[in-house]
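Reader: Please put the model in front of me, and then let us work through it one question at a time.

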Amino acid sequence: MANGQSILLHQYDASPFAEKVRLALRLKNLAWGKIDIPTIMPKPDLMPLTGGYRRTPVLQIGADIICDTGLILRELEKRFPDPQLVTSGQEGTHMMISSWTDRQWFPTSVGIVFGSNVDRIPDALKADREAMTGRKYSGDALKDRLPMLMGQWRAQLQWIEHRLEAGRGAGAGAWLFGSKPGMSDVHAHMNIWFVRRNVPDFAKACLSEAPRTQDWFDRLSEAKGQTPEDVSAEDALAIAKDAAPRLLAASVGTEPQGFRPGERIAISPDDTVPNWVTGELVSAQPNKITLFKVDGAIESLHIHFPRAGYLIRRAEEIDKP
Ligand SMILES: N[C@@H](CCC(=O)N[C@@H](CS)C(=O)NCC(=O)O)C(=O)O
């Protein structure tokens, strides 16, 4: 039975970013629970937990809500360090890799998946993603860009091939960095998983030109891990209500924007139409920011975000017309 200590992933099976976290959980062989959330808005059971952040996945442990896979994976590593996924000597590398996999390679993958399946994808999904990103997800333009995007995608797959080739030459083993699968492998796996699932012939053709990558992908995908427990949205909300956020000293270091603990702050991803979450600032560190939020039904929450890739403002600034 899930409780305030359980790792709870709010996710849906088709989400490549959720797959990143699932893969890390498998590699760490951790017990976890999953709450299946809708693929499009509205997400009425998720919003009270995240203060309005709508993306997938979100990790919950008690009354701590962790947004964005960049931070989710770092938190899992910190709280459950064994087996280690941040390879010694490669601290930091995986964050640089994720900036590429999430912000450059993923948009290319999305263009290919939508462009190849444009007539099959439900209109509601296209409309939702258009509203979220402000970009077009339908029409002939998507199909027209497809060959170019495929060229860009294959180029990036080849970077993995080159890295694996170089690593093997140096005797470093068959993973991106080091002799065991690590966090960089987890980030790099996602786009291949997503495109292979949705545009299998194209993925197969690219992988046949990249045999080391094919082998690496297959070995990584073999990680078994534990079967997740199905947790209902109501139980997840009740767990948050009954728990208190993990003790976290109110601490704000030197902040370029001069924020102080207790100030009302607003945070939004910078790669979508703004989707602000407001709350009281508890802690601001160079790579993590935590807001305190009191929701009507849930007494108190800590909502955590990474810094890179997020807009941060004083709440009163975004309240202005
Ligand atoms: N930077 C975010 C990106 C997550 C993301 O874009 N997820 C996609 C699904 S794979 C999403 O949120 N789509 C809209 C939705 O699920 O509502 C992260 O690393 O978690």
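Reader: How many residues of domain 1 and of domain 2 are in contact with each other?
Author: The domain bounds come from an automatic or database domain assignment, which gives domain 1 as 8–82 + 228–319 and domain 2 as 93–221. Two residues are taken to be in contact if their C-beta atoms, placed from the backbone, lie within 7 Å. On that basis, the contacts involve 16 residues of domain 1 and 18 residues of domain 2.

Reader: How are the residues numbered, and which pLDDT limits apply?
Author: Residues are counted from 1 along each chain as its sequence is written. The model is predicted, and totals for chains, interfaces and linings use all residues, whereas side-chain atom pairs count only at pLDDT 80 or more and local features need pLDDT of at least 70.

Reader: Which element gives the most to the side of domain 1 that touches domain 2?
Author: Helices (H or I, at least four residues) and strands (E, at least two) are DSSP runs, numbered from the N terminus. The nonpolar class holds Ala, Val, Leu, Ile, Met, Phe, Trp, Tyr, Cys and Pro, the charged class holds Asp, Glu, Lys and Arg, and the others, Gly among them, are polar; this side of domain 1 divides into nine nonpolar, three polar and four charged residues. The elements that give it two or more residues are H1 and H3, and the one that gives the most, with seven residues, is H1.

Reader: Where does the largest nonpolar core lie with respect to the two domains?
Author: A residue is buried if 20 or more other C-beta atoms lie within 10 Å of its own, exposed if 12 or fewer, and partly exposed in between, with C-beta atoms placed from the backbone. A nonpolar core is a set of buried Ala, Val, Leu, Ile, Met, Phe, Trp, Tyr and Cys residues joined through C-beta atoms within 7 Å. The largest such core has 78 residues, and those with the most contacts inside it include Leu 8, Cys 67 and Val 195. Because domain 1 and domain 2 both give residues to this core, it lies between them.

Reader: Which residues are in contact with Val 195, leaving aside neighbours within four places in sequence?
Author: Val 195 is listed among the core residues with the most contacts inside the core. Its contacts, once those neighbours are left aside, are Ser 109, Ile 112, Val 113, Trp 153, Phe 202 and Ala 203.

Reader: Which helices each supply at least two residues of the shell around the ligand?
Author: A residue belongs to this shell if its C-beta atom, placed from the backbone, lies within 6 Å of the ligand, and among those that do are Ser 15, Arg 54, Arg 55, Asp 68, Asp 102 and Met 132. The shell divides into three nonpolar, five polar and four charged residues. The helices that each supply at least two of its residues are H1 (16–28) and H3 (69–79).

Reader: Is Asp 68 buried or exposed?
Author: Asp 68, one of the residues around the ligand, is found in the loop between E4 and H3. Its phi is positive, at about 85°, although it is not a glycine. Because Asp 68 has 23 C-beta neighbours inside 10 Å, it counts as buried.

Reader: Which residue of E10 is the bridge partner of Phe 292?
Author: Strands pair if DSSP finds at least two bridges between them; strand E4 (residues 64–67) runs parallel to E10 and is joined to it by three bridges, whereas strand E9 (residues 288–293) runs antiparallel to E10 and is joined to it by five. Both faces of E10 are covered, with Leu 301, Ile 303 and Phe 305 buried on one side and His 302 and His 304 on the other. Ile 66 has His 304 as its bridge partner in E10, and the partner of Phe 292 is His 302.

Reader: What separates the C-alpha atoms of Ile 239 and Gly 4?
Author: Ile 239 is found in helix H10 (residues 233–242), and it is buried because 23 other C-beta atoms lie within 10 Å. Not counting residues up to four places away in sequence, Ile 239 touches Ala 2, Asn 3, Gly 4 and Gly 62. Although Ile 239 and Gly 4 are 235 residues apart along the chain, their C-alpha atoms are separated by 5.7 Å.
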